[in-house]
Amino acid sequence: MLRQVFDGRNIAWLFLSVWMFALPAPALAEGGWKVEAINGAGSSGPVPETRQRAPDGLPDGLVAEQPDGDIRAAWYGAPTQRYGHAVLGDGVEGGSLVVKTASGRTLELVLPKTEVFEDRYPRLADLDLDGTTEVITIRSSLTLGGSVTVYGLQDGNLVERTTTGFIGRANRWLNIAGIADFDGKPGLEIAFVRTPHIGGTLFFYSFETGSLSNVGAIDGFSNHFIGSRELRLSAVSDVNGDGRADLALPSDDRRVLRIVGFADNGPVELAHISLPARIDKAIGAQGNGQDAAFFVGLDNGSTVRISR
């Protein structure tokens, strides 16, 4: 059974039966990892999308849901074409954030006309493990580009909690890669790739005392290509068994699967696995430690299993 980690502990696991056949001699990759062709994954790749379509929201918008916490669902509303970037293909972005609370209330936060949510779905996680839910979004300024912005409930209202701040230039975007305990310290970190189309940098931000702080960065990544609606070109697994989550995502040319973990002084590359074509589909993860495996769809139509 194939297990996909999307955005941290509070995002649902996916399962997909995959029938595999090994090549006569599976290609040996760097660090003892091997690359095998598989079949049975389907034309969309090894990880189907199971989120529900957003109600009265973006044409391609989806709903983030969780079974507990003070926020049970979130999606983007108020579709707008006021930002001409169109990085996700259709040029329609979210003008508002909508949440459904545990009590059944629906709350909406509307952005100013100078901003949009340049994203398909929010992410729900208890970042500081205090029992309340944070809503993690990609919010863009029409003149200053993208940011990671966190929202939550306060006195019964949906409010902005904190942000990384905008990149600083229009048409500069970022894509969230994972939300998990990457550094082994209390709480969860948000990993994202800034400017994934023009030499991306992978950042890790922690949420401490109500604000986001940069705890590490490493260059040479991409987890999206221009015009694609697929945001899940990454997966989380503890590949070295140290109790910290590790992150698998493409290199900046999407021809290498890079696995990044955390050492005491910040993020480090744990593996660098060359592939026969570019990664262009959601990445699946299965197992941990020596049993860790990743399932990757490529732009030549093939799907590969990467394991040791």
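**An all-strand predicted model**

The protein comes out with 0 helices and 24 strands, where helices (H or I, at least four residues) and strands (E, at least two) are DSSP runs numbered from the N terminus. This is a predicted model, so to speak of local features a pLDDT of at least 70 is needed, side-chain atom pairs count only at pLDDT 80 or more, and totals for chains, interfaces and linings use all residues. Residues are numbered from 1 along each chain as its sequence is written, and side-chain values use heavy atoms, with hydrogens and water left out.

Of the 308 residues in the protein, 56% are buried; buried here means under 20% relative accessible area, exposed over 50%, and partly exposed in between (1.4 Å probe, protein chains only). The accessible surface adds up to about 12,300 Å², and carbon and sulfur atoms hold 49% of that (Shrake-Rupley method, 1.4 Å probe; for residues, only the protein chains shown count as cover). Take the contacts (heavy atoms within 4.5 Å) between residues at least 6 apart in sequence: 51% of them join residues at least 24 apart.

In soluble globular proteins, nonpolar side chains tend to be buried together. The largest nonpolar core here has 22 residues, and Leu127, Ile136, Val148, Ile176, Ile179 and Ile190 have the most contacts inside it. Strand 11 (134–141), strand 12 (145–154), strand 14 (174–180), strand 15 (189–194) and strand 16 (200–208) each give two or more residues to this core. Another core, of 21 residues, lies apart from it and includes Ala235, Ile273, Val296 and Leu298. For both, a core is a set of buried Ala, Val, Leu, Ile, Met, Phe, Trp, Tyr and Cys residues joined through side-chain atoms within 4.5 Å.

Some of the strands feeding the 22-residue core also turn up in an open sheet. Its 4 strands follow the order 14-15-16-17, with antiparallel pairing; two strands pair if DSSP finds at least two bridges between them. Strand 14 and strand 17 (211–221) are the edge strands, each pairing on one side only. From one strand to the next, the twist averages 20°, with axes taken as lines fitted to C-alpha atoms (for helices, over the stretch in contact) and angles running from 0 to 180 degrees between N-to-C directions. Strand 14 and strand 15 run antiparallel and are joined by 6 bridges, and Gly178 sits opposite Ala191 in strand 15.

Strand 14 also carries Asn175, a polar residue worth a look. Asn175 is buried, at a relative accessible area of 0%. The side chain of Asn175 gets to the backbone oxygen of Asn223 at 3.0 Å; a polar contact is a pair of N or O atoms within 3.5 Å, where within protein one must be able to donate a hydrogen and the other to accept it, and residues adjacent in sequence count only if both atoms are side-chain atoms. Neighbours within four places in sequence aside, Asn175 touches Arg123, Ile138, Phe192, Val193, Asn223, His224 and Leu231.

A second open sheet has 4 strands in the order 18-19-20-21, again with antiparallel pairing. Strand 18 (235–237) and strand 21 (266–274) stand at its edges with a single partner strand each, so one side of each is left without a neighbour in the sheet. The twist in this sheet averages 25° from one strand to the next. Strand 19 (residues 246–250) pairs with strand 20 (residues 256–263) over 4 antiparallel bridges, with Leu249 opposite Arg258. Phe262, in strand 20, is buried at 9% relative accessible area. The C-alpha atoms of Phe262 and Asp183 are separated by 5.6 Å, although the two are 79 residues apart along the chain. Beyond its neighbours within four places in sequence, Phe262 is in contact with Phe182, Asp183, Phe204, Val215, Asp242, Arg244, Asp246 and Pro267.

Strand 7 (residues 93–101) has 8 of its 9 residues buried, so the rest of the structure largely encloses it. Strand 7 pairs with strand 6 (residues 71–80) in the antiparallel sense over 8 bridges, and Gly77 stands opposite Ser96. With strand 8 (residues 106–110), strand 7 shares 5 antiparallel bridges and forms a hairpin with 4 residues between the strands, where Gly104 in the turn has a positive phi of about 95°.

Most residues other than glycine have a negative phi. Ala86, not a glycine, has a positive phi of about 55°; Ala86 lies in the loop between strand 6 and strand 7 and is partly exposed at 25% relative accessibility. Asp155 likewise has a positive phi of about 55°, but sits in the loop between strand 12 and strand 13 (157–163) and is exposed at 74%.
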